[in-house]
Amino acid sequence: MMRINYQKELEKLISFHESRGETPSVLLHSCCAPCSSYVLEYLSQYFQITVLYYNPNIYPQEEYAHRVEEQRRFIQEFPMAHPAGFIEGRYDTKRFYEMAKGLEAEPEGGARCEKCYRLRLREAAEYAKRLGMDYFTTTLSISPLKDAEKLNEIGRRLADEYGVAYLYSDFKKKNGYLRSTQISKAYGMYRQDYCGCIFSLKERRARQRGDL
């Protein structure tokens with residue numbers, strides 16, 4: 001089965017809207033400020049963005065507070081062709097732990113992570129529908145550790161369910177991840193060393209000890 005080049009699909013869509021003189025709206029789920037940096041730089045040239053920071057997976061609460069403030073700060077400081085709005089979603093950790101039940105021992109990138117992507121993207125789709133946005137998408141595909149194919153498939157299914165178009169993407173393409181590290185450094189941004197949840201933190205510590 002031929003893999004879809006999501007970057008090319010995004011470029012086609014951008015060209016279509018540019019030819020019509022349109023600046024569509026997009027609800028952008030952000031997993032963290034560093035990952036959002038290049039995505040905002042790129043998409044803000046062509047879209048009116050509202051960033052949704054919805055990450056109930058993050059542990060502990062102090063880490064969550066630190067990350068959300070970094071996101072807020074970056075949006076305020078970073079110059080964009082079309083300034084982005086910001087929404088902080090609910091920090092409903094109970095919802096995350098209920099979702100993860102029975103999958104606690106899954107390795108990073110496994111079934112638990114896929115369910116977590118679905119949880120956060122569903123919230124983005126709900127916000128996009130409520131706000132009357134043209135599209136919704138996520139910064140998650142910028143990470144070399146995240147499967148863009150899987151993320152876009154989840155987005156497609158949710159788009160069908162909610163009636164809001166999903167903005168297909170693979171933001172790691174065209175050196176997107178490298179650019180995100182450059183912007184993060186330029187803005188003195190806090191870059192976490194684990195994905196966010198208690199399970200990824202435990203796995204990270206086990207690797208540091210040499211247990212994995």
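## Overall architecture

Helices here are DSSP runs of H or I with at least four residues, strands are runs of E with at least two, and both are numbered from the N terminus. Read that way, this predicted model has elements that run α-β-α-β-α-β-α-α-β-α-β-α-α from the N terminus on. The secondary structure comes to eight helices and five strands. The radius of gyration is 17 Å, close to the 17 Å that the globule rule gives for 212 residues, so the protein is as compact as a globular protein of that length.

For a feel of the overall dimensions, the C-alpha trace spans about 55 × 40 × 35 Å along its principal axes. Buried residues make up 50% of the 212 residues. If you are thinking about contact maps, consider the contacts with a separation of 6 or more: residues 24 or more positions apart account for 76% of them.

## Helices α2 and α3

Let us begin the helix pairs with α2 and α3. Two packed helices are described by the angle between their axes and the distance between the axes. Helix α2 covers residues 33-43 and helix α3 covers residues 61-77; their axes come within 9 Å and cross at roughly 25°. Angles under 35 degrees count as roughly parallel, and α2 and α3 are therefore roughly parallel to each other. Their crossing is right-handed.

On the α2 side, the contact is made by Ala33, Ser36, Ser37 and Leu40, while α3 brings Glu70, Gln71, Phe74 and Ile75. Sorted by class, this contact has four nonpolar, three polar and one charged residues.

## Helices α5 and α6

The next pair joins α5, residues 111-131, with α6, residues 148-162. Here the axes come within 10 Å and cross at roughly 40°. The two helices are therefore oblique to each other, and the crossing of α5 and α6 is right-handed.

Which residues of the two helices meet? From α5 come Glu114, Tyr117, Arg118, Leu121, Arg122, Ala125, Glu126 and Lys129, and from α6 come Lys150, Leu151, Ile154, Leu158, Glu161 and Tyr162. By class, the contact of α5 with α6 has seven nonpolar, no polar and seven charged residues.

## A closer look at Glu114

Glu114 is found in helix α5 and is one of the residues that meet α6. Is Glu114 buried, exposed or partly exposed? At 23% relative accessibility, Glu114 counts as partly exposed.

Leaving aside neighbours within four places in sequence, Glu114 is in contact with Lys150 and Ile154, and both of these partners are listed on the α6 side of the helix pair. Glu114 and Asp147 are 33 residues apart in sequence, and their C-alpha atoms are 9.4 Å apart in space.

## Ser25 in strand β1

Strand β1 takes in residues 25-29, and Ser25 has its place there. With 15% relative accessibility, Ser25 counts as buried, because the cut-off for buried is under 20%.

What is Ser25 in contact with, leaving aside its neighbours within four places in sequence? The partners are Gln48, Gly132, Met133, Asp134 and Tyr135.

## Loops and backbone details

Some backbone geometry is worth a visit too. A cis peptide bond joins Tyr59 and Pro60, with omega about -5°. Pro60 lies in the loop between β2 (48-53) and α3.

The loop between β5 (165-166) and α7 (176-186) holds Lys174, and Asn175 lies in the loop between β5 and α7 as well. Phi of Lys174 is near 55°, a positive value in a residue other than glycine. Asn175 has a positive phi of about 60°, although it is not a glycine. As for accessibility, Lys174 counts as exposed at 57%, and Asn175 counts as exposed at 54%.

Finally, Gly102 is found in the loop between α4 (93-100) and α5. At 63% relative accessibility, Gly102 counts as exposed. How far is Gly102 from Gly132, C-alpha to C-alpha? The two residues are 30 apart along the chain, and their C-alpha atoms are separated by 36 Å. Gly132 also appears among the contacts of Ser25.

Technical notes: Residues numbered from 1 in each chain as written. Predicted model: local features only at pLDDT ≥ 70, side-chain atom pairs only at ≥ 80, totals over all residues. Heavy atoms only, no water. Axes fitted to C-alpha atoms, helices over the stretch in contact; angles between N-to-C directions. Parallel < 35°, antiparallel > 145°, perpendicular 65-115°, else oblique. Left-handed = near helix turned anticlockwise from the far one by under 90°. Contact = heavy atoms within 4.5 Å. Nonpolar A, V, L, I, M, F, W, Y, C, P; charged D, E, K, R; others polar. Buried < 20%, exposed > 50% of the residue type's maximum accessible area, 1.4 Å probe, protein only. Rg over C-alpha atoms; globule rule 2.2 N^0.38 Å.
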